[in-house]
Amino acid sequence: MKSAKSVVVLTGAGISAESGVPTFRGNEGLWKKFKPEELANFDAFIKNPELVWEWYKYRKQIIAGIQPNPGHYAIVELEKMYEKFAVVTQNVDNLHRRAGSKNVYELHGNIQRNYCIECGKEYPDEIIFSKAEVPRCDACAGLIRPGVVWFGEMLPADQWNASEEAASSADVFFSVGTSAVVYPAASLPYIAKRNGALVVEVNPETTPLTDIADEFLMGKSGEILPELVNALK
Ligand code: BV8
Ligand code: ZN
């Protein structure tokens, strides 16, 4: 880390766990009876918009009431130490930006954004909560959806391309708080490693990435990342 010029940090739901945001696949997972793959997809939304909106409104309310945690703030500190630095997040909770991270790529969108599936008109959360259970567009009466990337949907091309470029030119690539099973995000550490990066995983549990990581720091990101920053200072 002392000689690195470019550092990339990929984050998943685990980094927000200590802020009180439930992860997807943990045993306290968001909704035990449903898998994210069943709820977070366009067909499920069209078939049952009430259920999908119930899930997202539940998550929006959680996210409206939480704060970044020491893990997010440690990443803000790291960013100040390197000329080339990127946070690539799978999270849709906006906590990295709220903590003060500057160069953030959101691969899976942002839960605080909403738009009409017919005409694309955007709506803030306040309007969504003031509308009916399934919000419809004022302009064209189309269904409004949350501004997140669902399974089977393409990632925003600009965010993905920038993240892929950052991973392929990283000296050190961190994978923090992700189960490393959702693609194409989960391919980024492999791209980094293939291009000569040192891969470091931070997670209380092992994942499919652990075997190929150069370093595995077992523990909570809210504890490990601040320790790393202190050691670097
Ligand atoms: C695409 C937004 C297609 C919505 C999300 C078969 C094989 C391989 C791939 C596929 C396949 N079948 C389908 C696919 C593709 C699919 C996919 O990867 N599926 C997986 C499940 C098999 N991917 C897609 O569909 C993607 N699109 O591929 O496009 C395409 C291609 C070409 C042309 C056209 C189309 C879209 C993926 C995006 C889906 N959207 N979310 C929402 O949030 O509601 S994914 C969802 O999972 C979240 O975004 C989340 O971020 C993401 C990953 O989960 P994690 O962040 O890792 O969270 P998880 O709970 O799993 O793990 C938490 C980790 O934290 C754990 O390891 C835990 O130990 C750790 N932890 C806990 N506490 C702490 C901690 N770590 C540190 N500190 C702590 N305190
Ligand atoms: Zn519309």
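Student: Why does Phe42 count as partly exposed?
Tutor: This is a predicted model, and its computed relative accessibility for Phe42 is 31%. Buried means under 20%, and exposed means over 50%. Phe42 falls in between, so partly exposed is the label.

Student: And what makes Trp150 buried?
Tutor: Its relative accessibility is 2%. The cut-off for buried is under 20%, so Trp150 counts as buried.

Student: What makes the rings of Trp55 and Tyr56 an edge-to-face pair?
Tutor: Take the distance, then the angle. The ring centres of Trp55 and Tyr56 lie 5.0 Å apart, and the limit for a pair is 6.5 Å. Their planes stand at 70 degrees. Over 60 degrees counts as edge-to-face, so the name fits Trp55 and Tyr56.

Student: Are Trp55 and Tyr56 buried or exposed?
Tutor: Trp55 has a relative accessible area of 2%. Tyr56 has 2% as well. Buried needs under 20%, so Trp55 and Tyr56 are buried.

Student: How many aromatic pairs does the structure hold?
Tutor: There are four. One of them joins Phe42 and Trp150, with 6.4 Å centre to centre and 50 degrees between the planes.

Student: Why is the pair of Phe42 and Trp150 called tilted?
Tutor: The 6.4 Å distance is within the 6.5 Å limit, so the two rings pair. Stacked needs planes under 30 degrees apart, and edge-to-face needs over 60. At 50 degrees the pair meets neither cut-off, so it is tilted.

Student: Which parts of the chain does the pair link?
Tutor: Phe42 belongs to helix H3, residues 42-47. Trp150 sits in the loop between strand E6 (144-148) and helix H8 (157-168). The two residues are 108 apart in the chain.

Student: Which residues do ring pairs link into a cluster?
Tutor: They are Phe42, Phe45, Trp55, Tyr56 and Trp150.

Student: How do you know that Arg145 lies over the face of Trp150?
Tutor: Arg145 is at 3.9 Å from the ring centre. The distance limit is 6 Å, and the position must also be within 35 degrees of the ring normal. Arg145 is listed as lying over the face of Trp150, so both conditions are met. Arg59 does likewise over Trp55, at 4.6 Å from the ring centre.

Student: What makes the site of the zinc ion (ligand 2) tetrahedral?
Tutor: The four donor atoms make angles of 96 to 123 degrees. All angles must lie between 85 and 135 degrees. They do, so the site is tetrahedral.

Student: Which residues coordinate the zinc ion (ligand 2)?
Tutor: Cys116, Cys119, Cys137 and Cys140 do, each through SG, at 2.2 to 2.3 Å. Donors must lie within 2.8 Å, so these atoms qualify. Their spacing along the chain is C-x2-C-x17-C-x2-C.

Student: Why is Cys116 called buried?
Tutor: Its relative accessible area is 1%, and buried means under 20%. Cys119 has 43% relative accessibility, so that residue counts as partly exposed.

Student: How do you know that strand E4 pairs with E6?
Tutor: Count bridges. Strand E4, residues 109-116, and E6 share four bridges, in the antiparallel sense. At least two are needed, so they pair. Gly109 has Val148 in E6 as its bridge partner.

Student: What about E4 and strand E5?
Tutor: E4 and E5 (residues 122-123) have two bridges, also antiparallel. That meets the minimum of two, so the strands pair. Asn114 has Tyr123 in E5 as its bridge partner, and stands opposite Pro146 in E6. E4 and E5 form a hairpin with five residues between them. In the turn, Gly120 has a positive phi of about 80 degrees.

Student: In what order do the three strands form the open sheet?
Tutor: The order is E5-E4-E6, with antiparallel pairing. E5 and E6 are the edge strands, each pairing on one side only.

Student: Why does Met218 count as exposed?
Tutor: Met218, in strand E9 (residues 215-218), has 55% relative accessibility. Exposed means over 50%, so Met218 qualifies.

Conventions: Residues are numbered from 1 along each chain as its sequence is written. Chains are lettered from A and ligands numbered from 1 in the order in which they are written. This is a predicted model: local features need pLDDT of at least 70, side-chain atom pairs count only at pLDDT 80 or more; totals for chains, interfaces and linings use all residues. Side-chain values use heavy atoms; hydrogens and water are left out. Rings of Phe, Tyr and Trp (its six-membered ring) pair if their centres lie within 6.5 Å; planes under 30 degrees apart count as stacked, over 60 as edge-to-face and the rest as tilted. Buried means under 20% relative accessible area, exposed over 50%, partly exposed in between (1.4 Å probe, protein chains only). Donors are N, O and S atoms within 2.8 Å of the metal (3.2 Å for Na, K and Ca); water is not among the atoms, so sites may look incomplete. Four donors count as tetrahedral if all angles lie between 85 and 135 degrees; four count as square planar and six as octahedral if opposite donors are over 155 degrees apart and all others between 65 and 115; anything else is irregular.
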